[in-house]
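Look at the chain below and keep the structure in view as you read. We will go through it a few residues at a time.

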Amino acid sequence: MLEKGDIVEAYFEDDDGVVWYKGKIDQIDQRKGTCHILFDDGDDEVKPITELRHFEPYTSGDLVQDLIESSTRGTITYIYGNGMVAVELENGDSAPVHILDITRVA
C-alpha cells in the first residue's frame, strides 16, 4: 500500500527502454488511482499507482543508466558507504558514480 511521503520509483519508457525514476509521493487520489510524485531531479508528475513501486536501495548487480547521458548504462559492482557506487559500463570501463546521478533500468 502506498502512502503520502513514501519514496517510490516510477515507471517510464524512453528510447533506450524502461527506466525507473526515484521520487516521493506528494498526494494520492484513490478515486482516480493516481499519485502526484515529486522527483529527485525537481520534476513532478501525476502517475497511475500501477506504474509505481516502493524504492529499494541499490545493490550490486543492478543495471543502471546515467541521468544525463541516458545511453550510458552499466552494472553496479560495488556500493561505497558515501553515496557512491562503482559501475562497470557496457563498454568495459569502470567508474565511480553518485547514486543521485543514476536511475534503475528494468
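Strands here are DSSP runs of E, at least two residues in length, and they are numbered from the N terminus. With that in hand, place tyrosine 78: it is found in strand 7, which covers residues 73-79. Keep in mind that this is a predicted model.

Stay with tyrosine 78 for a moment. Is it buried, exposed or partly exposed? Buried means under 20% relative accessible area, and exposed means over 50%. Tyrosine 78 has 47% relative accessibility, so it counts as partly exposed. Leaving out residues up to four places away in sequence, tyrosine 78 touches Ser60, Val85 and Ala86. Now look across to phenylalanine 12. From tyrosine 78 it is 66 residues away in sequence and 26 Å away in space, C-alpha to C-alpha.

Next, turn to charged side chains. Side chains of opposite charge can pair when their charged atoms come close. How many salt bridges does this model have? The count comes to 5. Glu9, Arg53, Asp62 and Arg104 are linked in a network of such bridges. We can walk through this network one residue at a time.

Start at glutamate 9. It lies in strand 1, residues 7-14. Its relative accessibility is 2%, so it counts as buried. Setting aside neighbours within four places in sequence, glutamate 9 has contacts that include Trp20, Tyr21, Lys22 and Phe55. Arg53 and Arg104 are also among them. These two arginines are its partners in the network.

Take arginine 53 before arginine 104. The side chains of glutamate 9 and arginine 53 meet in a salt bridge, at 3.0 Å from N to O. This pair links distant parts of the chain, with glutamate 9 in strand 1 and arginine 53 in strand 5 (residues 52-54), 44 residues apart. What is the relative accessible area of arginine 53? The value is 31%, so arginine 53 is partly exposed. Glutamate 9, on the other side of the bridge, is buried.

Now the second partner. Arginine 104 forms a salt bridge with glutamate 9, and the closest N and O atoms are 2.9 Å apart. Arginine 104 lies in strand 10 and glutamate 9 in strand 1, so this pair ties together parts that are 95 residues apart in sequence. Arginine 104 and glutamate 9 are both buried. For arginine 104, the relative accessibility is 9%.

Arginine 104 has another bridge to show. Its side chain meets that of aspartate 62 in a salt bridge, at 2.6 Å from N to O. Aspartate 62 sits in the loop between strand 5 and strand 6 (63-66), while arginine 104 is in strand 10, so the pair ties together parts that are 42 residues apart in sequence. Both of these residues are buried.

What else lies around arginine 104? The backbone oxygen of glutamate 56 lies 2.4 Å from a polar atom of the arginine 104 side chain. Beyond its neighbours within four places in sequence, arginine 104 is in contact with several residues, including Val19, Trp20, Pro57, Tyr58, Leu63 and Val64.

Aspartate 62 deserves its own look. Its relative accessible area is 14%, so it is buried. Which residues does it contact, once neighbours within four places in sequence are left aside? They are Pro57, Gly74, Thr75, Ile76 and Arg104. Glycine 83 is 21 residues from aspartate 62 along the chain, and their C-alpha atoms are separated by 15 Å.

Finally, look for empty space. Rolling a probe the size of a water molecule over the atoms shows where empty space is left. The largest pocket has a volume of about 290 Å³. How many residues line it? There are 16, and Tyr21, Lys22, Asp40, Asp41 and Leu67 lie nearest its centre. Two of these names, Tyr21 and Lys22, also appeared among the contacts of glutamate 9. Three strands each supply at least two residues of the lining: strand 2 (17-29), strand 4 (44-48) and strand 10 (102-105). Strand 10 is where arginine 104 is found. By class, the lining has 9 nonpolar, 1 polar and 6 charged residues.

How values were computed: Residues are numbered from 1 along each chain as its sequence is written. This is a predicted model: local features need pLDDT of at least 70, side-chain atom pairs count only at pLDDT 80 or more; totals for chains, interfaces and linings use all residues. Side-chain values use heavy atoms; hydrogens and water are left out. On a 1 Å grid over the protein atoms alone, a cavity is a set of points where a 1.4 Å probe fits but cannot get out, and a pocket is an open set with protein on both sides within 12 Å along at least five of seven lines; lining residues have an atom within 4 Å of a point. Grid points are joined across faces, edges and corners, and a volume is the space filled by probe spheres set on the points. Helices (H or I, at least four residues) and strands (E, at least two) are DSSP runs, numbered from the N terminus. Ala, Val, Leu, Ile, Met, Phe, Trp, Tyr, Cys and Pro count as nonpolar, Asp, Glu, Lys and Arg as charged, and the others, Gly among them, as polar. Buried means under 20% relative accessible area, exposed over 50%, partly exposed in between (1.4 Å probe, protein chains only). Contact means heavy atoms within 4.5 Å. A salt bridge is a side-chain nitrogen of Lys or Arg within 4 Å of a carboxyl oxygen of Asp or Glu. A polar contact is a pair of N or O atoms within 3.5 Å; within protein, one must be able to donate a hydrogen and the other to accept it, and residues adjacent in sequence count only if both atoms are side-chain atoms.
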